Number of protein chains: 2
Amino acid sequence: MSEEILSPRMQRLRDSGYKLTHARITVLKALERGGGHMTSTELLDEVEALDSGIGRASVFRALDLFTRLSIVRPTYIDSSVTPTYVLMPDGHHHHIICTQCSRVIEFEDCGLGALTHTLEERLGVRLTGHLLEFYGLCSDCKDQPVREE
Amino acid sequence: MSEEILSPRMQRLRDSGYKLTHARITVLKALERGGGHMTSTELLDEVEALDSGIGRASVFRALDLFTRLSIVRPTYIDSSVTPTYVLMPDGHHHHIICTQCSRVIEFEDCGLGALTHTLEERLGVRLTGHLLEFYGLCSDCKDQPVREE
DNA sequence: CTTCTAATTGAGATACTGTATCACTTGAGA
DNA sequence: TCTCAAGTGATACAGTATCTCAATTAGAAG
């Protein structure tokens with residue numbers, strides 16, 4: 001395998017003391033294909049398409065590991081039954097979730113670099129990433145009353 | 001019932017056109033007792049303790065409604081199977097999650113008021129709340145290598 | 001390259017959480 | 001008080017994540 005070109009994420013895996021296994025690499029590829037937002041079901045399908053030999057358990061184990069490494073982050077967008085896994089390219093991600101129609105609007109600038117630094121110094125922690133979510137009504141839902149579907 | 005003293009949250013419920021039912025009030029009380037972070041299981045237990053006549057379905061329905069009103073927000077702190085419901089007193093909440101031991105450290109100031117305003121103007125949305133999560137290692141886990149338990 | 005070993009995996013049974021259904025009850029406006 | 005849409009409780013059901021364990025594998029050492 002062409003292991004000479006390791007993506008930064010795979011590098012991070014190895015540097016943290018984890019093995020660079022076929023299953024983990026495949027899950028990472030599937031996540032990257034998904035465009036950043038994927039439910040576990042969508043991910044399982046994508047992994048299945050890439051390599052049908054990989055078991056469910058390994059996919060969930062990889063997700064769990066990636067979460068701990070801030071490569072990915074589960075969040076609740078639509079259903080409470082299935083988290084959506086958000087890929088965090090540089091350890092962070094920001095979006096707006098419409099609480100009416102579940103539309104997700106992403107945005108880039110958050111200006112949280114300074115706060116990250118302040119928190120690390122003040123609390124003695126080591127921060128590897130962050131997720132900023134705003135909730136509200138998108139431009140389409142804004143003028144409709146808040147009601148159940 | 002002493003309905004004369006309505007908490008701001010209950011007021012928000014009614015103002016949005018929802019009935020102020022016994023089940024919803026009880027779920028809100030249980031959430032407030034829980035100190036702000038509760039899994040659905042913990043919440044079900046707490047509601048059971050307050051009034052054993054309330055059914056599971058109503059608790060989940062209330063959570064769903066409260067989520068849409070930004071009274072509460074589910075987030076995945078520990079396991080991906082059970083979201084933790086975070087009470088958002090003023091529509092927003094901020095915390096740091098240790099990806100090693102799952103400890104949650106809360107902090108107050110986020111300085112996101114200006115960004116909220118900018119986003120509303122630029123994107124034409126109506127924002128009712130936000131959740132800011134930082135991930136990393138707490139002061140206790142910082143010096144240990146990243147490993148599975 | 002071969003050996004070695006702890007880490008990791010795959011399969012599927014299992015556990016558990018959230019949802020759907022439906023007859024009954026209730027909040028709140030008239 | 002009356003009325004009825006909104007909401008509820010019970011429970012069966014659906015679907016997702018976990019657990020277990022024998023088999024496999026990544027990567028270090030020789």
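How many nonpolar, polar and charged residues does the surface near DNA strand D have, by class? In this predicted model, that surface has 10 nonpolar, eight polar and six charged residues. The report below covers the two DNA strands, then the contact between the protein chains, and finally the two domains of chain A.

**DNA strand D**

Among the 24 residues around DNA strand D, the nearest are A:Ser40, A:Phe60, B:Thr21, B:Ser58 and B:Arg61. Of the atoms of this strand that come within 4 Å of the protein, 73% belong to sugar and phosphate. Both protein chains contribute elements to the surface: helix H3 (40-50) and H4 of chain A, and helix H2 (22-33) and H4 of chain B, each supply at least two residues.

**DNA strand C**

DNA strand C likewise has 24 residues around it, of which A:Thr21, A:Ser58, A:Arg61, B:Ser40 and B:Phe60 come nearest. Sugar or phosphate accounts for 74% of the strand C atoms within 4 Å of the protein, and bases make up the rest. By class, the surface near DNA strand C has nine nonpolar, eight polar and seven charged residues.

Phosphate oxygens of both strands lie close to polar protein atoms, and the table lists distances for individual residues.

| Residue | Protein atom | DNA strand | Distance to a phosphate oxygen |
|---|---|---|---|
| A:Gly53 | backbone N or O | C | 3.4 Å |
| A:Gly55 | polar backbone atom | C | 3.3 Å |
| B:Leu20 | polar backbone atom | C | 2.9 Å |
| A:Ser40 | side-chain N or O | D | 2.4 Å |
| B:Gly53 | backbone N or O | D | 3.4 Å |
| B:Ser58 | side-chain N or O | D | 2.5 Å |

A:Ser40 and B:Ser58, whose side chains appear in the table, are also among the residues that come nearest to DNA strand D.

**Contact between chain B and chain A**

The contact takes 50 residues from chain B and 51 residues from chain A. About 4400 Å² is buried between the two chains, with carbon and sulfur atoms giving 57% of that area. On the side of chain B, B:Arg68, B:Tyr76 and B:Tyr135 supply 17% of the area buried against chain A, more than any other three residues.

Two salt bridges are found across this interface. In a salt bridge between the chains, the side chains of A:Arg73 and B:Glu133 meet at 3.8 Å, N to O. There are also 16 residue pairs in polar contact between chain B and chain A, both residues being at pLDDT 80 or more. The elements of chain B that give two or more residues to the side touching chain A are H4, strand S2 (72-75), strand S4 (92-98), helix H5 (113-123) and strand S6 (126-137). S6(B) provides the largest share, 12 residues. By class, this side of chain B has 26 nonpolar, 14 polar and 10 charged residues.

**Domains of chain A**

Chain A is divided into domain 1 (1-89) and domain 2 (91-149), and the C-alpha centres of these domains lie 22 Å apart. Contact involves 11 residues of domain 1 and 13 residues of domain 2. The buried area between them is about 880 Å², of which carbon and sulfur atoms give 59%. A:His37, A:Ile77 and A:Met88 supply 49% of the area that domain 1 buries against domain 2, more than any other three residues.

Zero salt bridges are found across this domain interface, while four residue pairs are in polar contact, both at pLDDT 80 or more. Strand S2 (72-75) and strand S3 (84-87) of chain A are the elements that give two or more residues to the side of domain 1 that touches domain 2. The residues on that side of domain 1 divide into six nonpolar, three polar and two charged.

Definitions and conventions. Residues are numbered from 1 along each chain as its sequence is written. Chains are lettered from A and ligands numbered from 1 in the order in which they are written. This is a predicted model: local features need pLDDT of at least 70, side-chain atom pairs count only at pLDDT 80 or more; totals for chains, interfaces and linings use all residues. Side-chain values use heavy atoms; hydrogens and water are left out. Domain bounds come from an automatic or database domain assignment. Contact means heavy atoms within 4.5 Å. Buried area is the accessible area (1.4 Å probe) that two parts lose on being put together, summed over both. A salt bridge is a side-chain nitrogen of Lys or Arg within 4 Å of a carboxyl oxygen of Asp or Glu. A polar contact is a pair of N or O atoms within 3.5 Å; within protein, one must be able to donate a hydrogen and the other to accept it, and residues adjacent in sequence count only if both atoms are side-chain atoms. Helices (H or I, at least four residues) and strands (E, at least two) are DSSP runs, numbered from the N terminus. Ala, Val, Leu, Ile, Met, Phe, Trp, Tyr, Cys and Pro count as nonpolar, Asp, Glu, Lys and Arg as charged, and the others, Gly among them, as polar. A residue is near a molecule or strand if one of its heavy atoms lies within 4 Å of it.
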